[in-house]
Amino acid sequence: MPQKNIKYRVYAYWADFLGCDYSELITPTVSVVQHSESLSGYNGIYCFNNGTSCIISAPAKYVAELHKAVSGHGPDQAFDAEWLVHSIGDQYERIIGPAFQGYVDSDSFLQASSASVVELKTEQHKMLLKELREACTEMEWQHSSIDEKKGPIFLRILNEKAVAAGSWRKGESGFLSVGIISHPTHRGKGHAKAVVNDLTKRGLSSGTMMHYQTLESNTSSVEIAQSLGYVRLGRTLAIRLS
C-alpha cells in the first residue's frame, strides 16, 4: 500500500474522530472545533498534531476563547499543553501526552526476530501471564490493554517465566492497536519488541493496518515501534479540565 494511502486512511479516521474536515489535516492550519460525538462528554481539551496542522477539540464553552488564543500561532506553537490551559485559566487535573501515534502496513513492516514467543493457549501460559501481571503495577497493566478473556495474547517465555506479553484491541478506527507490557526486571532486553513483532505480523496477515500508541517520553517504547516500521503520523495531547 503506498504511503499516501496509509496517510489517507489515518487522517480520514482522525477527521471523523475530531469532527473536522479532512482538508484541515493536510494544509498548514490551526483549527479549534467543538467536541464531536466521539468526544462528547469529555471535560477536557484534545489535540492532534501531524506536523502540518493542529486540531484542537474542546467543550463548546471554551471554543471561542481558544480560537482567539491560537490566532496567529502555527501548528507546533499551538500544540503546547501548558500554554493551552493557561489560555483558559489554568484549571486542569491532568495532562496526558504528547503521545506517539504510529501506524504500519504490510509494505512498511520491518519484521524482526521473535524467538521464544508463543500464543497463549494452555493453562500453564495463563499461570505465567498471571505471574507477569502480579509483577507489574496495576496502572502498567491497565495501559497494556491486555484482556485475559480476549485473544490473541502473545508471551515471550524465558527460563519458564513470561518476560513480556502483548495483545491488541480493535477500536472505532478499524485499526488494531497494540498493547504491550514487560516484566520490570527484564526490560530493555528486546523482549517487548519480539512480542510486538509477532502481534504486528499476525494483525497484518488479516489485512488490517496496525496502530501503536505510547507516550513520547517513553523513548524505549517509541524505539520499538519505529524499529518495526511504525511511522509517526500524529501526536496527541489530552488535557482533563477541573
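**Exercise 1.** Find the partner with which E148 forms a salt bridge, and place both residues in the chain.

*Solution.* E148 pairs with R133 in a salt bridge; the closest N and O atoms are 2.7 Å apart. The pair links distant parts of the chain. E148 sits in the loop between α6 (138–144) and β6 (154–158). R133 belongs to helix α5, and the two are 15 residues apart. The model is predicted.

**Exercise 2.** Classify E148 and R133 as buried, partly exposed or exposed.

*Solution.* Take the cut-offs: buried is under 20% relative accessible area, exposed is over 50%, and partly exposed is in between. E148 has a relative accessible area of 40%, so E148 is partly exposed. R133 has 28% relative accessibility, so R133 is partly exposed.

**Exercise 3.** Describe how E134 and K130 meet, where they lie, and how accessible they are.

*Solution.* Start with the contact. The two side chains form a salt bridge, at 2.6 Å from N to O. Next, the location. E134 and K130 both lie in helix α5 (residues 123–135). They are 4 residues apart, about one turn of the helix. Last, the accessibility. E134 reaches 54%, so E134 counts as exposed. K130 reaches 51%, so K130 counts as exposed.

**Exercise 4.** Test the pair E119 and K121 against the salt-bridge cut-off, then name the network they belong to.

*Solution.* The cut-off for the N and O atoms is within 4 Å. In E119 and K121 the closest N and O atoms are 3.9 Å apart, and the pair forms a salt bridge. K121 is exposed, at a relative accessible area of 63%. A network of salt bridges links E119, K121 and R202.

**Exercise 5.** State how many salt bridges the structure holds.

*Solution.* The structure holds 9 salt bridges.

Technical notes: Residues numbered from 1 in each chain as written. Predicted model: local features only at pLDDT ≥ 70, side-chain atom pairs only at ≥ 80, totals over all residues. Heavy atoms only, no water. Buried < 20%, exposed > 50% of the residue type's maximum accessible area, 1.4 Å probe, protein only.
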